[in-house]
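Thanks for coming. I have one structure to go through this morning, so please have a look at it before I start.

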Amino acid sequence: MEVLIMYTIEHARALDQKDMLSHFRDEFYIKEGTIYLDGNSLGLLSKRAEATVQQLLISWKDYGIEGWMNGSSPWFYLSESLGAKMATLIRAKENEVIVTGSTTVNLHQLLATFYQPIGKKNKIIADELTFPSDIYAIKSQLKGKGLSPEEHLIRIKSRDGYTLQEDDIIQAMTDDVSLIILSSVLYRSGQLLDMKRLVEAAHEKGILIGFDLAHSIGVIPHSFADIKPDFAFWCSYKYVNGGPGAVGGLYVNERHFGIEPGIAGWFSSVKEKQFDMKHDLEYEHHAGAFQIGTPHILSLAPIIGSLELFEEAGIQVLHEKSKLQTDFFMSLIEQELDSYQFTIINPREDERRGGHVCLHHEEAASICKALKAYHVIPDYREPNLIRLAPIAFYTSFEEVWNVVQIMKEIMEKEVYKKFKNEREVIA
Ligand SMILES: *Cc1c(COP(=O)(O)O)cnc(C)c1O
């Protein structure tokens, strides 16, 4: 028998009362009167991140070139020291992670390194729902090897247009597949794949497998010690709150240490030897080998402060709140918006969804514009999806309640009809 609970604002307030993380809200800059639900696209600025940007500006001011080895965060070792800290977000070993590059650049690096087609074992599996940049990178790497995307890239089809079936992916793992690239969490539907099952199936077939963590790092505590994928890559401006253009990261499982980086540069070098300036590269035998050139120090700076907050809160605790908030959000949408043709697209089970709620509505673009007029910041994705991400660090349950009430008003009073149902340049 279904037990029907009628949620009220008191429920939301009670959940906020019990929230062990509520004090972190003061660590962030949140615009007065605005409810920010787009931390899955660009996390907000924290005071810590602002402070560490200031610190690195000061180290430049004070030390000039000497800043590489001096100051509170010597620049020369920053990518490695941040890598060791970021490794805790995915339970990897310290030297399996390096903070470098961006999602797309790191994917290029990892493809150039790990995609080694041999004879007929030369195909790459991705999926038809993945982020376009990942597909562009795969296609260009195939072309660089003289192979054709039409023949050598297999895109797993979605049965419902939003999610993937692990069974379909495993079915496609035939003898001619060399490498698999998938997202941990799908950027639109928010589906979280069963990575461990996929890794085991791929390895049984002698296929390498890597994951794009753009939509899971900082919200889902992966256990890479247990999942053991071959590699992974991500950005730091979404749930990691590193700011626009923050430096991304990558993971390479230690069983691959010693492999030659496909795209080499002097920062791939063993650090003590880098300034020997020899023309024969001695690359690191850990994730550091996959760096290319001089690190973008000022875009690493906010990550120092942001990761302090993750260390204090704990990724497991953040995830518990995230699950509770998305679940509460969905329950309220069902309770309050039942008559307005919203469909919840993301999987409902805790272990199958990421950090955002994904709604389908024919009027999605105009509803998003109406939400912005009410100072709620959602995220629109073509052709008719609304993504809403409560962020454990700074979103309250009462805000979730209020957003659903605002959505109800927008639908009841048909406020959305004042706006064109079309996307602006970005969202
Ligand atoms: C955000 C995102 C990207 C963005 O790539 P950048 O190189 O950081 O611009 C790539 N892939 C996925 C799945 C994303 O969600």
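Which residue forms a salt bridge with lysine 413? The partner is glutamate 409, and the closest N and O atoms of the two are 3.5 Å apart. Before I go on, please note that this is a predicted model, and that the values I quote are computed from it.

Let me stay with that pair. Lysine 413 has a relative accessibility of 58%. Exposed means over 50%, so lysine 413 counts as exposed. Glutamate 409, at 30%, counts as partly exposed. Elsewhere, salt bridges with shared partners join four residues into one network: Glu27, Arg48, Glu308 and Glu312.

Now the protein as a whole. There are 427 residues, and the chain forms 13 helices and 13 strands. The C-alpha trace spans about 70 × 55 × 40 Å along its principal axes. The radius of gyration is 22 Å, which agrees with the value near 22 Å that a compact globule of 427 residues would have. Buried residues account for 56% of the total. The accessible surface comes to about 19,100 Å², and carbon and sulfur atoms hold 53% of that. As for contacts, take those between residues at least 6 apart in sequence: 72% of them join residues at least 24 apart.

Next, the domains. The assignment gives two entries: domain 1 is made of residues 9-30 and 314-418, and domain 2 runs over 50-312. Their C-alpha centres lie 29 Å apart. Where the two domains touch, domain 1 contributes 30 residues and domain 2 contributes 24.

Back to salt bridges. How many are there in the model? The count comes to 24. I will pick two more of them.

One is between lysine 321 and aspartate 19, with the closest N and O atoms 2.6 Å apart. This pair links distant parts of the chain, since the two residues are 302 apart. Lysine 321 sits in helix α11, residues 315-336, while aspartate 19 is in the loop between α1 (9-18) and β1 (35-36). Are these two residues buried or exposed? Lysine 321 has 7% relative accessibility and counts as buried. Aspartate 19 has 11%, and also counts as buried. The cut-off here is under 20%, which is why both values qualify.

The other joins the side chains of lysine 408 and glutamate 336, at 2.9 Å from N to O. Here too distant parts of the chain are linked: lysine 408 belongs to helix α13 (residues 397-412), glutamate 336 belongs to helix α11, and they are 72 residues apart. The two ends of this bridge fall into separate classes. Lysine 408 is partly exposed at 23%, whereas glutamate 336 is buried at 11%.

Let me turn to some covered parts of domain 2. Helix α3, residues 78-86, is mostly covered, with seven of its nine residues buried. Which ones are they? They are Leu78, Ser79, Glu80, Leu82, Gly83, Ala84 and Met86. These buried residues pack against two helices, α2 and α10 (297-313), and against two strands, β2 (97-99) and β7 (231-234).

A loop residue gives a second example. Leucine 129 lies in the loop between β3 (123-127) and α5 (132-144), and is buried, with a relative accessible area of 9%. What does leucine 129 touch, leaving out residues up to four places away in sequence? The list is Ser158, Gly161, Tyr162, Thr163, Leu164, Leu186, Tyr187 and Arg188. For one of these, tyrosine 187, the C-alpha atom is 8.5 Å from that of leucine 129, although the two are 58 residues apart along the chain.

Last, the surface. Leu57, Trp60 and Leu298 form a nonpolar patch there, and together they have about 300 Å² of accessible area. Leucine 57 is in helix α2, residues 47-63. At 34% relative accessible area, leucine 57 is partly exposed. Patch members need over 30%, so leucine 57 meets that condition.

To close, keep two items in mind when you look again: the two domains, with C-alpha centres 29 Å apart, and the salt bridge between lysine 321 and aspartate 19, 302 residues apart. That is what I have for today.

Methods
Residues are numbered from 1 along each chain as its sequence is written. This is a predicted model: local features need pLDDT of at least 70, side-chain atom pairs count only at pLDDT 80 or more; totals for chains, interfaces and linings use all residues. Side-chain values use heavy atoms; hydrogens and water are left out. Patches are made of residues with over 30% relative accessible area and no salt bridge: like charges are joined within 9 Å, nonpolar side chains (Val, Leu, Ile, Met, Phe, Trp, Tyr) within 5 Å. Accessible areas come from the Shrake-Rupley method with a 1.4 Å probe; for residues, only the protein chains shown count as cover. Helices (H or I, at least four residues) and strands (E, at least two) are DSSP runs, numbered from the N terminus. Buried means under 20% relative accessible area, exposed over 50%, partly exposed in between (1.4 Å probe, protein chains only). The radius of gyration is taken over C-alpha atoms; the globule rule is 2.2 Å times the number of residues to the power 0.38. Contact means heavy atoms within 4.5 Å. Domain bounds come from an automatic or database domain assignment.
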